[in-house]
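The following exercises are to be worked with the sequence and the model at hand. Each task is followed by a solution that proceeds step by step.

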Protein chains: 2
Amino acid sequence: MSRQRTARKPSISSDKSSKTRRPGGLRKISANGRGTIRESNEVRLLQAAETVFAERGFSGATTAEIAARAKLPKANLHYYFRTKAELYRAVLANVLELWLDELDRFTPEREPAEAIAEYVAAKLKWSRMRPNASKVFANEILHGAPFMKSYLSNDLRRRVEDKAEVIRHWIARGKMRPLDPKHFVFQLWAVTQHYADFDVQVRAVLGRGRLTDRDFAAATENISALILHGCLTPSGSR
Amino acid sequence: MSRQRTARKPSISSDKSSKTRRPGGLRKISANGRGTIRESNEVRLLQAAETVFAERGFSGATTAEIAARAKLPKANLHYYFRTKAELYRAVLANVLELWLDELDRFTPEREPAEAIAEYVAAKLKWSRMRPNASKVFANEILHGAPFMKSYLSNDLRRRVEDKAEVIRHWIARGKMRPLDPKHFVFQLWAVTQHYADFDVQVRAVLGRGRLTDRDFAAATENISALILHGCLTPSGSR
DNA sequence: GTCTATATATGGATAGAC
DNA sequence: GTCTATCCATATATAGAC
C-alpha cells in the first residue's frame, strides 16, 4: 500500500514540484517483521484524507480535521506528508488505481453485451463501496483537474483511444449500433458515477436516509437495461 | 434580476438564518429611471461569483477574487452581500431557476420520444451555455448539499414524483419499456450534466482545447439515440 | 518517531473617512 | 454609496523538547 512512485502506477506527480521523500533510510524494522508503525499511520492518514477531501474538497479540508479523524496529532500528519497537497496527491493516486482497470473488460473477442453489463456492475459496485474515492475524483475534475490534467491528457486519453477501437470493431461486426465510441464511454462514466457523486440528491429524491442494497440493485438493472437496449443492435443483444 | 425571496422561487434560504436585506429604503432612483448602480453591481457580483465558485468551490473561493473579477473593491462586495454564504446562496438560487423548468415537457399527452429528446437537447444547451451554473450545483451536491438539502427533499422530490407518474403513464400505454421512472430521471441528469461538470476530462480525452459546437451536436445526438433506443418500446419509437 | 507550542500567512468581515 | 486600512479567526507548516 506504499504511495511511492514505482513508475508502473499512473503518475500524477508531474504537475507540481515532486519533492523527495522522508529523510529516508532508517525505516523501523520491528520485531513483527514489518515497518508497521509508519505503514499503518500512512494508511490511516490516507483513509481519513479520502473521507475529508470527499466531504469538503481540497480547500475545504483542513489538515487538523484529517489528523483528528486519523487519531494522530496534526504535526504527525506533516511528518508523513510534508504538505496538504502531497497528501492529496497520494489520495488521488490511490483512487486512480480503482478506476483504471475496469475498462479492460473491453476486448475485441468478447461479446459487447457481456463486457458492458459487467463494466456497469463493476463501476456501480465501486460507487457503493468507495463513494468517497469517486467524490474526490469528481471534485478534482470539476475544478479543472489542477493536479491531474496531464494524467487525463496522456494515460487516460490513450486508454480510451484503445477502447474506442474495440467498440468500433464491435460496430463493424454489426454487434453495436453505429454510435460514437468516445461519447459512449462518457455516458457509461456519467451514469455509473452519478450514484456516488450525487448520492445526496438521489437519496433525497428516493426519500432514503441511505441507499440500500436494493437501491443499488435497481440502479444496476435499470442502467444495464437502458444502456444495452440503447447501444446493441437487435441481433447483437441475441 | 433581483435575488429577493418572492416566495414563488425555489427557496434555499431555510437552512441558515436568513438575514434581512440591506438597510433598505433609500434606493437610488437615478435620472435614467432605474436603481441601476445597485442592480448592475449586484449582477456583476453574481456573475463573478458564479465563475469563481464554479472554479474553486465554496471554500476555495475568496471574496477578494470575486470582487476583483467584478472589478469592485472587496468591501463593496460585503456591502451588497453581507457574507460570503449569502452571496453563494444567491448564486445557487439563480442556478436552480435554470434547472427546474425543463422537466415540464414531461406531460401525459405528449409522445415520450419527443419530450425526452427535447429535454436532452435543452439540458445540453444549458451545459454549453452556462457550464459554471452546472458546476456550482454539482459542487454543492457533491459535498452533501449543506445549503440545499431541504430544497432537494421537498421541491425537487415532489417534482420528480410528479414526473415519475407521467413516465408510469407512458409505460402503461406501452410507449416505454417497464423501467424505474426515478432511476430513469437520474440517468437523464447524469448524461446531460456530465459535459458541463466533467468538461476537462471530456476535452482531454477528445484532445480539444475547448468543446466546439460540433462536439455538443455529437453529444446530443449520441445521448438521444442511446436514451431513446434504451427506453422506448419498438412501437413507441414509431 | 511523537507531539506541544508557535511562527506566518491568508481570508472574511468591518470601522470609519470620504 | 464607495473604499482604505485593519481587526481577528483560522489554517498550514515547523521548531524543538521529549
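## Exercise 1: A helix in chain B

Because seven of the eight residues of helix α9 (residues 199-206) of chain B are buried, this helix is largely enclosed by the rest of the structure. Here, buried means under 20% relative accessible area, exposed means over 50%, and partly exposed lies in between (1.4 Å probe, protein chains only). Helices (H or I, at least four residues) and strands (E, at least two) are DSSP runs, numbered from the N terminus.

The model is predicted: local features need pLDDT of at least 70, side-chain atom pairs count only at pLDDT 80 or more, and totals for chains, interfaces and linings use all residues. Residues are numbered from 1 along each chain as its sequence is written, chains are lettered from A and ligands numbered from 1 in the order in which they are written, and side-chain values use heavy atoms, with hydrogens and water left out.

**Task.** Identify the buried residues of α9(B) and the helices against which they pack.

**Solution.**

Step 1. The buried residues are D199(B), V200(B), Q201(B), V202(B), A204(B), V205(B) and L206(B).

Step 2. In chain A, the buried residues of α9(B) pack against α6 (131-142), α7 (149-172) and α8 (181-197). In chain B, their partners are α6, α8 (181-197) and α10 (213-231).

Step 3. After α9(B) comes G207(B), which has a positive phi, near 70°.

## Exercise 2: Leucine 142 of chain B

**Task.** Locate L142(B), decide whether L142(B) is buried or exposed, and list the residues that L142(B) touches.

**Solution.**

Step 1. L142(B) belongs to helix α6 (residues 131-142) of chain B.

Step 2. L142(B) counts as buried, because its relative accessibility is 3%.

Step 3. Not counting residues up to four places away in sequence, L142(B) touches A54(A), K135(A), A138(A), N139(A), L142(A) and D197(A). A contact means heavy atoms within 4.5 Å.

Step 4. L142(B) and A61(B) are 81 residues apart along the chain, and 16 Å separates their C-alpha atoms. A61(B) returns in Exercise 5.

## Exercise 3: Chain A as a whole

**Task.** Describe the elements of chain A, its burial and its contacts.

**Solution.**

Step 1. Chain A contains ten helices and zero strands.

Step 2. Of its 238 residues, 53% count as buried.

Step 3. Among the contacts in chain A with a separation of 6 or more, 70% come from residues 24 or more positions apart.

Step 4. The exposed area of chain A is about 11000 Å², of which carbon and sulfur atoms supply 52%. Such areas come from the Shrake-Rupley method with a 1.4 Å probe; for residues, only the protein chains shown count as cover.

## Exercise 4: The relation between the two chains

**Task.** By what turn and what shift can chain A be laid on chain B?

**Solution.**

Step 1. Two copies of a chain are related by a rotation about an axis and a shift along it.

Step 2. A turn of 180° and a shift of 0.0 Å along the axis lay chain A on chain B with an RMSD of 0.0 Å. The copies are superposed by least squares on the C-alpha atoms of residues with pLDDT of at least 70 in both.

Step 3. The two copies are therefore related as by a two-fold rotation axis.

Step 4. The same surface serves both copies, as 100% of the contact residues of chain A recur in chain B.

Step 5. Of the residues of chain A, G230(A) comes closest to the rotation axis, at 2.0 Å (C-alpha).

## Exercise 5: The surface near DNA strand C

**Task.** Which residues are the closest to DNA strand C, and which helix gives the most to the surface near this strand?

**Solution.**

Step 1. DNA strand C is surrounded by 18 residues, the closest being R38(A), Y80(A), T63(B), K74(B) and K84(B). A residue is near a strand if one of its heavy atoms lies within 4 Å of it.

Step 2. α3(A) gives the most to this surface, with four residues.

Step 3. A polar side-chain atom of Y80(A) is 2.7 Å from a phosphate oxygen of DNA strand C. For A61(B), a backbone N or O atom lies 3.1 Å from a phosphate oxygen of the strand.

Step 4. K74(B) has a polar side-chain atom 2.9 Å from a base nitrogen of DNA strand C. A polar contact is a pair of N or O atoms within 3.5 Å; within protein, one must be able to donate a hydrogen and the other to accept it, and residues adjacent in sequence count only if both atoms are side-chain atoms.
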